[in-house]
Amino acid sequence: MRERFLDHLRALGNDDANRIALEDETRSIRYGDLMPLVDSRARQLRRLGSQRVGLALDNGIDWALWDLAMMQEAIVNVPLPGFFTPAQLTHLVDQAGIDTLIGPGSLASVLGFDATPDADAMLWQRRGVSPLPKLPAGTHKITFTSGTSGTPKGVCLSSDNQLTVAESLAGIAASVDVRRHLAVLPLATLLENIGGIYAPLWLGGSISLPSLAALGWQGASGFDSASGWRVISRQAPDSLILVPQLLSALLTRQGDAPIGFGRFFAVGGATVSPALLARAEAAGWPVFEGYGLSECASVVTLNRPGERHPGSVGRPLPHVEVRLADDGEVLVQGNVMLGYLGDSAPAPTVWPTGDLGQWDGDALRLKGRRRQVFITAYGRNVDPAWVEAELTAEPAIAQAWVSGEAQSFNRALLVPRGDWVNDRQIEDAVASANARLPDYARVSLWQRSTPFTTQNGLATANGRLRRDALNAHYHTWLTSPVHPSADA
């Protein structure tokens, strides 16, 4: 499939030479020039003898060109997330055996890379990386997931793993004539890499790649929705890929005017509240919820135009088979990763996701994680992510953490959307979310909190809550015998 994809790009260079393929704030690249520029970068890597490359650039044309050059040369590409800490990046570089870095000199210095004689000032090399850590055969990309601990875990994927998903997504996007995609998530995010670069290129579409700063990203977890909305509304793309928190923030920024553009906006990466999806649909956003994980090369199921199943994550993409174990765990077969970096276990054929689900016709409904569900004092099972999704669907709440293990009522730590949010607004937001929840899942006691970030150890680099750390940090509050009617 890798050769077919690259041949397809060369054919587009001949047949649609003047069509814009990639653009950012400073330049645009037409399909006629795309593969010659990829070839030039491939020659540089070949000349350096690069085998494993860390890609640490901001979103932009150069990120995409280097990514395609490594695919062409079958060089192992290790995207380095900008939101990882220096300690995490150092661990990643050592564990993957990265010998070449593409990125700024400041990062190269921190990670121990030296300047190369190559003309490209963004290329750096590290000496003495021998022997290289062993990888599963066929590995072309290592994507690191932060999981729930501080040490990132490397997921080894082939080019075919990624392009198989991209081809499935391209087929869905083609059904609604998607021609222009705007990348809003960091390109080091596997979902944006596959869905925001490879899928549009399959379609011969145009991809806009503004810098993360221009989009409003601020460090590890901050996002200025005003900046993001300015870029999105100005460019009026056909497609976007969003996580629920971004969708909620952008909807709040949009105001009352209908959006007036867009053909397919995918949302996933975390539990999505039906109320948030309803808000988006009412505002004219063509939102479609999906589900996936890095171990299956991103997207596994997706709602489609004309067949939305509210509250579900859609039906499986054509390249995978999804079934449920006896206990309800979601099992995925087809296009599973080659293995974890540093793990000698044989390549899996079926992936146990750890998520619980049930079928709604041929669409999948998720019912929470096997290990994060808590049981109340009344014996009711509650998935906190479900309640948290309802809370963060409210415009006043940016982040939420819910706990109620062995308690007679549920508590929540709430991060306001901004300094403008007062306690009355939060109280109203909690009441609104509670109205959509059964009594056993409702929040009775809440407290304002500072943001959950990687810096304070309460969230992973991709924004997932570190529940064990939160439980430990707020143990006194969680176990205090405060009656829920007391002030928070």
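Me: Let's start with a rule for helix pairs: angles under 35 degrees count as roughly parallel, over 145 as roughly antiparallel, 65 to 115 as roughly perpendicular and the rest as oblique. Why are H1 and H2 called oblique to each other?

Reply: This is a predicted model, and here helix H1 (residues 2–15) and helix H2 (residues 31–48) cross at roughly 135°. That angle falls in none of the three named ranges, so the pair belongs with the rest. H1 and H2 are therefore oblique.

Me: How do you know that H1 and H2 are in contact, and which residues make the contact?

Reply: Contact means heavy atoms within 4.5 Å. On H1, the residues that make the contact are Leu6, Leu9, Arg10, Leu12 and Gly13, and on H2 they are Tyr31, Gly32, Leu34, Met35 and Asp39. By class, six of these residues are nonpolar, two polar and two charged. The helix axes come within 6 Å, and the crossing is left-handed.

Me: What makes H10 and H11 oblique or parallel to each other?

Reply: Helix H10 (residues 244–254) and helix H11 (residues 274–282) pack at about 40°. Roughly parallel would need an angle under 35 degrees, and roughly perpendicular begins at 65. The angle of about 40° lies between those limits, so it counts among the rest. H10 and H11 are therefore oblique. Their axes are 10 Å apart, and their crossing is left-handed.

Me: Which residues of H10 and H11 make the contact?

Reply: H10 brings Pro244, Leu247, Ser248, Leu251 and Thr252, while H11 brings Leu276, Arg279 and Ala280. Sorted by class, this contact of H10 with H11 has five nonpolar, two polar and one charged residues.

Me: Now for empty space inside the model. What makes a space a cavity?

Reply: A cavity is a set of points where a 1.4 Å probe fits but cannot get out. With a cut-off of 30 Å³ or more, the count comes to one cavity. The largest cavity has a volume of about 40 Å³.

Me: How do you know which residues line the largest cavity?

Reply: A lining residue has an atom within 4 Å of a cavity point. The residues that line the largest cavity are Asp67, Met70, Met71, Ile75, Asn77, His140, Lys141, Ser159, Gln162 and Tyr198. The lining divides into four nonpolar, four polar and two charged residues.

Me: Which helix gives the most to that lining?

Reply: Helix H3 (61–73) and helix H6 (159–174) each supply at least two residues, and H3 gives the most, with three.

Notes:
Residues numbered from 1 in each chain as written. Predicted model: local features only at pLDDT ≥ 70, side-chain atom pairs only at ≥ 80, totals over all residues. Heavy atoms only, no water. Axes fitted to C-alpha atoms, helices over the stretch in contact; angles between N-to-C directions. Helix = DSSP H or I, 4+ residues; strand = E, 2+ residues; numbered from the N terminus. Left-handed = near helix turned anticlockwise from the far one by under 90°. Nonpolar A, V, L, I, M, F, W, Y, C, P; charged D, E, K, R; others polar. 1 Å grid on protein atoms, 1.4 Å probe; cavity = no way out; pocket = protein on both sides within 12 Å on 5 of 7 lines; lining within 4 Å. Points joined across faces, edges and corners; volume = space filled by probe spheres on them.
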